[in-house]
Amino acid sequence: MSIRRILAVLCAAASVLFHTAHAAPAQAPKTPTGPLTLSAQGSFFIGGRDVTSDTLSLTPKYDAHGTVTVDQMYVRYQIPQRAKRYPITLIHGCCLTGMTWETTPDGRMGWEEYFLRKGYATYVIDQSGRGRSATDISAINAVKLGKAPPSTLPDLFAAGHEAAWAIFRFGPRYPEAFKDTQFPVQAQAGLWQQMVPDWLASLPTPNPTVANLSKLAIKLGGTVLLSHSQSGIYPFQTAAMNTQGIAAIVSVEPGECPKPGDVQPLTGIPVLVVFGDHIEEFPRWAPRLKACHAFIDALNAAGGKGQLMSLPALGIHGNSHMMMQDKNNLQVADLILDWIARNARAPRRGR
């Protein structure tokens, strides 16, 4: 047996021992209280490109010809006093914005504030083409003005409550909830208010958010990229582009994991993939979990350091796809923060 294979076997065994030795907390931690002291806060944009168009306006009040900036990424940051070495960059998923991380639908503390109170600076983004990051409307106006055929209209998507219910695994079908669900279904209206149209299909490939995350990681001199759902693949794509500035990757229920043959750029970056409950009951999610298991196995076999954390395997049940907003969100946050504290490392120079 080769040395690399022996190391892979030892890593796998260590992972099993970790899950056995590190039982989940018996109950969720108490919500921190008291003043939150920051050393700095603010916001900025990163990336973007200029587009010149003659279809920027449909009203004579404004000139239809001009130049606009699109594909940039909005970033809001907060830095606590005596911040830990690596900040956490929070990347929302489909049909949502950075609001995902700020609070819960029923008004409890979100991961952004909790991470701050635990000593981590946070950088919350709005993906390119979402929220406070601009979109390119010229293609829509061009069709309405008769300058382009309807076939050129961008493909937009909005998730209805009914479809999102099952995708987010609140229950088997809308509006039925799982008996053990951790999501605060009584406050579901607060989640529906957060959801926005998704321009993903109309954006360039790769998504501009990927390159913007790389620029942000380099600007920060090191950060943990924490992604969710549709954006779950972005940190891996960012690392394939350039590993510089990436201290670790945490992917919460990614819509996609890298293929086993694509792990080489990631061997120097610690990786954690987290999944909640009721996965096997949904044909959308079971294959994703299986694919992520294959990715983590391949990463460890190649000499990397990856872990797939299944919350039910740790005795934590009922977590939905929106675990950052679930009733036990702080308990899950502690597990992630514990992993970050033990695994985040100085990034390599990159390519």
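This is a short dialogue on reading disulfides, nonpolar cores and a surface patch in a predicted model.

Colleague: Let's start with the disulfides. What is a disulfide, in general terms?

Modeller: A disulfide is a covalent bond between the sulfur atoms of two cysteines. In this structure there are 2 of them.

Colleague: Which cysteines pair up, if you number the bonded ones in sequence order?

Modeller: The pattern is 1-2, 3-4. Cys94 is bonded to Cys95, with 2.3 Å between the sulfurs. Cys257 is bonded to Cys292, and there the S to S distance is 2.1 Å.

Colleague: Where do Cys257 and Cys292 sit, and what does their link tie together?

Modeller: Cys257 is in the loop between β8 (246-252) and β9 (271-275), while Cys292 belongs to helix α8 (residues 286-301), so the pair ties together parts 35 residues apart in sequence. The link between Cys257 and Cys292 is right-handed, with 100° about the S-S bond.

Colleague: Are Cys257 and Cys292 buried or exposed? And what about Cys95, buried or exposed?

Modeller: Cys257 and Cys292 are both buried. Cys95 has a relative accessible area of 2%, so this residue counts as buried too.

Colleague: On to the cores. Which residues of the largest nonpolar core touch the most other members?

Modeller: To read a core, look for its best-connected members. Here the core has 44 residues, and the ones touching the most other members are Ile88, Trp111, Phe115, Leu226, Val250, Ile336 and Ile340.

Colleague: Which elements each supply at least two residues of this core?

Modeller: They are β5 (88-91), α2 (111-117), α4, α5 (188-192), β7 (223-228), β8, β9 and α9 (329-343). The largest share, 8 residues, comes from α9.

Colleague: What does Phe115 touch, leaving out residues up to four places away in sequence?

Modeller: Phe115 touches Ile88, Leu90, Tyr120, Thr122, Leu226, Ala333 and Leu337. Apart from the core we have been discussing lies another one, of 38 residues, including Phe178, Phe236, Val271 and Ala302.

Colleague: Now the surface. Which residues make the nonpolar patch there?

Modeller: Ile140, Leu153 and Leu156 make a nonpolar surface patch of about 220 Å². Take Leu153 as the example: its place is in the loop between α3 (138-144) and α4 (161-167).

Colleague: Why does Leu153 count as partly exposed?

Modeller: Check its relative accessibility, which is 35%. Partly exposed covers the range between the buried cut-off, under 20%, and the exposed one, over 50%, so Leu153 lands in the middle class.

Note on methods
Residues are numbered from 1 along each chain as its sequence is written. This is a predicted model: local features need pLDDT of at least 70, side-chain atom pairs count only at pLDDT 80 or more; totals for chains, interfaces and linings use all residues. Side-chain values use heavy atoms; hydrogens and water are left out. Patches are made of residues with over 30% relative accessible area and no salt bridge: like charges are joined within 9 Å, nonpolar side chains (Val, Leu, Ile, Met, Phe, Trp, Tyr) within 5 Å. Accessible areas come from the Shrake-Rupley method with a 1.4 Å probe; for residues, only the protein chains shown count as cover. A salt bridge is a side-chain nitrogen of Lys or Arg within 4 Å of a carboxyl oxygen of Asp or Glu. Helices (H or I, at least four residues) and strands (E, at least two) are DSSP runs, numbered from the N terminus. Buried means under 20% relative accessible area, exposed over 50%, partly exposed in between (1.4 Å probe, protein chains only). A disulfide is a pair of cysteine sulfur atoms within 2.5 Å. A nonpolar core is a set of buried Ala, Val, Leu, Ile, Met, Phe, Trp, Tyr and Cys residues joined through side-chain atoms within 4.5 Å. Contact means heavy atoms within 4.5 Å.
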